[in-house]
Amino acid sequence: MGMTTNRDAYKTTATSMKSVLITGASSGIGAALAKYYLKQGWRVFACGRNDEALAEIDGAESVIFDITKVQQIKEAARYIQQALGGQPLDLAILNAGNCEYIDNANQFDGALFERVIRTNLIATGYCIEAFIPLLRASSRLALMGSSVVYLPLPRAEAYGASKAGVQYLADSLRLDLAASDIGVSLICPGFVKTPLTDKNDFAMPMQISATEAAEYIATGLSKKDNEIHFPLRFTLLLKLLSNLPQSLMVWLMKRSTGKSQGSLV
Ligand SMILES: NC(=O)c1ccc[n+]([C@@H]2O[C@H](COP(=O)([O-])OP(=O)(O)OC[C@H]3O[C@@H](n4cnc5c(N)ncnc54)[C@H](OP(=O)(O)O)[C@@H]3O)[C@@H](O)[C@H]2O)c1
């Protein structure tokens, strides 16, 4: 683990400057969020494992750690607390995540299942433990879910289960943190063009850019939305389809057996 600032010398001590921690800031949606908040004049703690990619985010402070390593998360939290010099974090966006599909459910891959749940859900729990003490009344915690939670889809057993867990986690945590006036937002994007989705070999309807996704997210967070989902036409379509009986979905799947299958992030 390591920490560096991408400025020659980080001299700003203005207490009025807002601060945000973003995990998974080295790529995709997280990198776009880091750039968005830097443009708005925020102090940005950009977290990830890829130090070279983080160093390219001009003006951010890189915090390099693996979210699946508890000790590294704790050290990162200590570093950020010291760097803040007693000031609270205004916003923590726990965005880091991974997606792997179960390609053959008849040979269910338990190790893959564990990997995805560990990165997307268990690690989120350890990040919450480490970073909540940096938040204060009127701070906000945002958890990265996915629109996959609106509609169970083939091949998404691991990814969907991990994000359904994140959804429940966010909704439950919101209730418990209400008394401390710490807001909790759940973010549920549709398809966003990033290295994570570039691996997909199926059609991704209504896909948007990471920059557009960052704008949707930042707007929702500024409005203190509990759930931020986008693009609206896509997420509403999924919610509508989720009202169909699952027996119909099963029938459709049987009919399409042998044809190429898609999934959703
Ligand atoms: N793209 C979409 O369509 C979409 C839709 C819905 C939800 N999401 C969610 O959005 C989030 C970001 O995804 P993305 O599409 O922007 O993908 P991405 O470009 O692949 O970015 C994933 C980020 O997560 C970080 N990460 C992964 N494992 C990590 C680990 N063990 N420790 C520390 N950092 C780790 C990566 O950083 P390092 O490699 O530097 O460690 C990287 O910055 C994910 O949670 C994903 O599930 C994406």
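An oxygen atom of the ligand lies 2.8 Å from a polar backbone atom of Asn-50, and this is a good place to enter the structure, which is a predicted model. A second backbone takes part as well, for a polar backbone atom of Asn-95 is 2.8 Å from an oxygen atom of the ligand. With Ser-26 it is the side chain that matters, since one of its polar atoms is found 2.6 Å from a ligand oxygen. Taken alone, the ligand would expose 880 Å², and the protein buries 92% of that area. Around the ligand there are 31 residues, of which Ser-26, Ser-27, Arg-49, Tyr-159 and Thr-194 come nearest.

From the ligand we can turn to helix 8, which runs through residues 232-241 and in which Phe-234, Thr-235 and Leu-238 are buried. Why do these residues lie on the same side of helix 8? They cover an arc of only 95 degrees around the axis, and therefore they share one side of the helix. The face of helix 8 that is turned away from this buried side carries Arg-233 and Leu-240, which are exposed. As for what the buried residues of helix 8 meet, they pack against strand 7, residues 183-189, and against strand 10, residues 227-230.

The loop between strand 10 and helix 8 holds Pro-231, and the peptide bond that joins Phe-230 to Pro-231 is cis, with an omega of about -15 degrees.

Another proline, Pro-88, sits in the loop between helix 3 (70-84) and strand 5 (89-94). With a relative accessibility of 25%, Pro-88 counts as partly exposed, because a residue is called buried only when the value is under 20% and exposed only when it is over 50%. Leaving aside residues up to four places away in sequence, Pro-88 touches Ser-19, Leu-134 and Arg-136. The chain also brings Pro-88 and Val-20 to a C-alpha separation of 9.8 Å, although they are 68 residues apart along the chain.

Next come the cysteines. A disulfide is a covalent bond between the sulfur atoms of two cysteines. How many disulfides does the model contain? The count comes to zero when the two sulfur atoms of a pair are required to lie within 2.5 Å. Cys-99 is in no disulfide, and the cysteine sulfur nearest to its own, that of Cys-188, is 15 Å away. For Cys-127, which is likewise in no disulfide, the nearest cysteine sulfur belongs to Cys-47 and is 8.1 Å away. Cys-99 counts as buried, at 6% relative accessibility, and Cys-127 is buried too, with a relative accessible area of 3%.

Finally, the backbone itself deserves a careful look at two places in loops. Asp-181 is not a glycine, yet its phi is positive, near 60 degrees. This residue belongs to the loop between helix 5 (157-177) and strand 7, where Asp-181 counts as partly exposed at 45% relative accessibility. Met-206, which is not a glycine either, has a positive phi of about 60 degrees. The loop in which Met-206 is placed lies between helix 6 (195-198) and strand 9 (208-209), and Met-206 is partly exposed, with a relative accessible area of 31%.

Note on methods: Residues numbered from 1 in each chain as written. Predicted model: local features only at pLDDT ≥ 70, side-chain atom pairs only at ≥ 80, totals over all residues. Heavy atoms only, no water. Buried < 20%, exposed > 50% of the residue type's maximum accessible area, 1.4 Å probe, protein only. Helix = DSSP H or I, 4+ residues; strand = E, 2+ residues; numbered from the N terminus. Arc of directions from axis to C-beta. Contact = heavy atoms within 4.5 Å. Near = heavy atom within 4 Å. Polar contact = N/O pair within 3.5 Å; in protein donor to acceptor, adjacent residues only side chain to side chain. Areas by Shrake-Rupley, 256 points an atom, 1.4 Å probe, with all protein chains shown as cover.
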